[in-house]
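Thank you all for coming; I would like to take a few minutes to walk through one structure with you. Please have the sequence and the model open while I talk.

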Amino acid sequence: MTTDSKLDTLVLGSGIGGLSMAVLLARLGFRVAVIEKNPLPGGLLRSYRRGGLDCPVGVHYFGAFGEGEPLRRMCDFMGVTEGIAAERMGQGGPIDRYLFDDFTFDLPEGLDAFTGALHRAFPQDAQCLDAIAGNLRVMADLQNSFAFLSAMPPLMNLDLFRSLDAYLSGMGCSLPLKSVLNVSASWVGMSGAECPVLYHHLALTSYLQSSWRLKGRGSDLAEAFVSRLDTLGGRLILGDPAEAILASGGAVTGVRLASGRVLSADRVVAALHPKTVLGMLPEGALKPLRVRRIRRLAETEGLFVVSAAVDASAHPALPHNLFRLRADRDGGLAEGVFYQLLDGTEEWNLLMIITKSLFAEWRRWEDTMTGRRGADYEAEKAGRADRILRQAEEVFGPFHRARVLDTYTPLTLRDWTGSPEGAPYGILRSTRQLPAAATLHRPTLAGLYLAGQNALSPGVLGTVLGSFQVARQMIGQERFSREVLEPLRSTPAR
C-alpha cells in the first residue's frame, strides 16, 4: 500500500457535479484531485460513437445558458464557457412539442410567450395561469440573483413544498393543463403526484429563460471541464476506483483506492449517489439514524434508451424536442416517450428515444456486469428496441432504412455511474422525501461533503448550482460572498 503526498480536497466522481466542483475549488486555490473509476472522465456528460454517429448519454438539453443567465454566469466564473459548443433551441419555433391523444401543445421560449401559449390553449384556466406565472417569475428572479447561495436563504411560500398535482388541483386547474405542466416534473424524474412545486418551477423557469442542446460531442463537453482543471493545476486519477473513505476521530483523513494507493486529504467531496458513499465509509462514521435514512431513500425511475440511425433525406433533424404522451384520468402522465432527431451525417441522422423502465424489470440480470449479461439480456433489449422504434413510426412516419445503433438500461447506468439502481436523476426528491433529502446537506463526518445532482437537484443547472453551494459550505459565507457570489452577481441578468 502506497501513500501520496497530502492534498486539500479529493473529489470522487467526474460527472458534471464532480468536475464543476473540482474546477471551482481549484479556481479558489485548493489542491484538488478527482478520482474516477472509469477509464474516461465525464460520467453522463460523455457521448459515444456508434455507426459514425455521436450518441448522447446524459445531456440532452439544458436551460439558462444564454448571456447573463445563471448557468452561463457560473460557467463563465469557472472558465469553461469557451469549451462548450451548444446550439439554442426554439428560435422561430417551439422548444418542445407535446403530442397528446387529443391535443398538441408547443412549448415556446420565454416566460411571457409560455404564459400566452397556455392562455390561448386553456382560456378557462386564466386565474390558475396567472397564479402560476407569478410564481414562475419569482423563481426566475431567485435563480438570476443566486438567492439560494446567499447568507439568508429566501423565504418560500409553503405552496412550493406541496406536490404539483395537489397545488394545481387546489386551484381548480383543468385536467389538460395539469397534463401539460406535469411534463416538466418528468424532467427531474418525478410524477406530478411526487414532485414538489419548487423543483418543478426551478426546472421550468431555467428552461424558459433559454434552451440549449450540445452542438458538438458530449466528450467535448467533458474535456472542456477536464482541460480547465488541468490549467488550474488539478489532478485527474482514472481507472482506479475509490474503495474506501478513510476517517479518524470523527473526521475525514483521505481515500483508499482499489489499487491500494492511499490519498490523504482533510476534505472529501463525493459527487456520487449517497448510498454508494455510505458503503465506502468506516462502520460507525455516521450516526445510526442517518444511516437508516440514507438506506431508506427511494430512487428516481430508470430509463430505457434507444439510439437509432434513420434516413437523413426522409427524416431531417428537428430543431425541437418531441414528447409523445398519454394522460391518465386525473391529468397525470400515464405514458411518455421523449424523442430527439439530431443532425448526423449526409446519409444518416440520429433518433434518440427515451422511455421509462423500472430497475425491477431487469432484476434477473442485476448480478451481472455490462458486456457479460448473456444472449437472453441482449434479446430482451433488442425486442424492446424494435417495438419502440415501430411505435416511433406513428410520430415520424415509416422508417424504411432505420437501424438500432445501441440501447441501454438501468443496469448500464448503474455500472457506469455507480448509482445502485441506475437512477439517472439520483434519489427521489419527492414531497415525501424532502425532509430526509435535506439531511444530506449536513453530513456528521467532518470534512465529508456530498455534491452532484444529489446535493441540490437534478439537471445541469441544478447540479452545477449544487457545486457552488458545497463550495460555500467549505470556505464559509464571508469568503464565498466576496470571491464567488459578488463576481457572479456583477454580470447583470437579462
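I will begin with a sheet, go on to two helices, and end with a patch on the surface.

Before anything else, please keep in mind that this is a predicted model.

Let me start with the sheet, in which three strands are arranged in the order E5-E9-E6, the sheet being open and the pairing antiparallel. The edges are taken by E5 and E6, each of which pairs on one side only. As a general reminder, the strands of a sheet pair through backbone hydrogen bonds, and they can do so in a parallel or an antiparallel way.

Taking the two pairings in turn, strand E5, which covers residues 62-63, is joined to E9 in the antiparallel sense over two bridges, and here Gly 63 stands opposite Ser 211 of E9. On the other pairing, strand E6, residues 86-88, meets E9 over three bridges, again in the antiparallel sense. Within that pairing, Arg 88 has Trp 212 of E9 as its bridge partner, while Glu 87 stands opposite Arg 213 in E9.

Which residues lie on each side of E9, and are they buried or exposed? In a regular strand the side chains alternate between the two faces of the sheet. In E9, residues 211-214, Ser 211 and Arg 213 are on one side, Trp 212 and Leu 214 are on the other, and all of them are buried, so that both faces of the strand are covered.

Turning to the helices, H2 runs over residues 70-78 and is mostly covered, with eight of its nine residues buried. The buried residues include Leu 71, Met 74, Phe 77 and Met 78, but also Arg 72 and Arg 73. Just after H2 comes Gly 79, which takes a positive phi of about 80 degrees.

The second helix is H9, residues 274-278, where I would point you to Leu 278. Leu 278 counts as buried because its relative accessibility is 13%, and the cut-off for that term is under 20%. The C-alpha atoms of Leu 278 and Ile 245 are separated by 9.4 Å, and these two residues are 33 apart along the chain.

Finally, the surface: Arg 292, Arg 293, Arg 296 and Arg 442 gather there in a patch of positive charge. One of these, Arg 296, belongs to helix H10, residues 288-296. Arg 296 has a relative accessible area of 59% and is therefore exposed, given that the term applies over 50%.

Notes. Residues are numbered from 1 along each chain as its sequence is written. This is a predicted model: local features need pLDDT of at least 70, side-chain atom pairs count only at pLDDT 80 or more; totals for chains, interfaces and linings use all residues. Side-chain values use heavy atoms; hydrogens and water are left out. Buried means under 20% relative accessible area, exposed over 50%, partly exposed in between (1.4 Å probe, protein chains only). Helices (H or I, at least four residues) and strands (E, at least two) are DSSP runs, numbered from the N terminus. Two strands pair if DSSP finds at least two bridges between them. Patches are made of residues with over 30% relative accessible area and no salt bridge: like charges are joined within 9 Å, nonpolar side chains (Val, Leu, Ile, Met, Phe, Trp, Tyr) within 5 Å. Accessible areas come from the Shrake-Rupley method with a 1.4 Å probe; for residues, only the protein chains shown count as cover. A salt bridge is a side-chain nitrogen of Lys or Arg within 4 Å of a carboxyl oxygen of Asp or Glu. Lys and Arg count as positive and Asp and Glu as negative; His and the chain ends are not counted. The place of a charge is taken as NZ of Lys, CZ of Arg, CG of Asp or CD of Glu.
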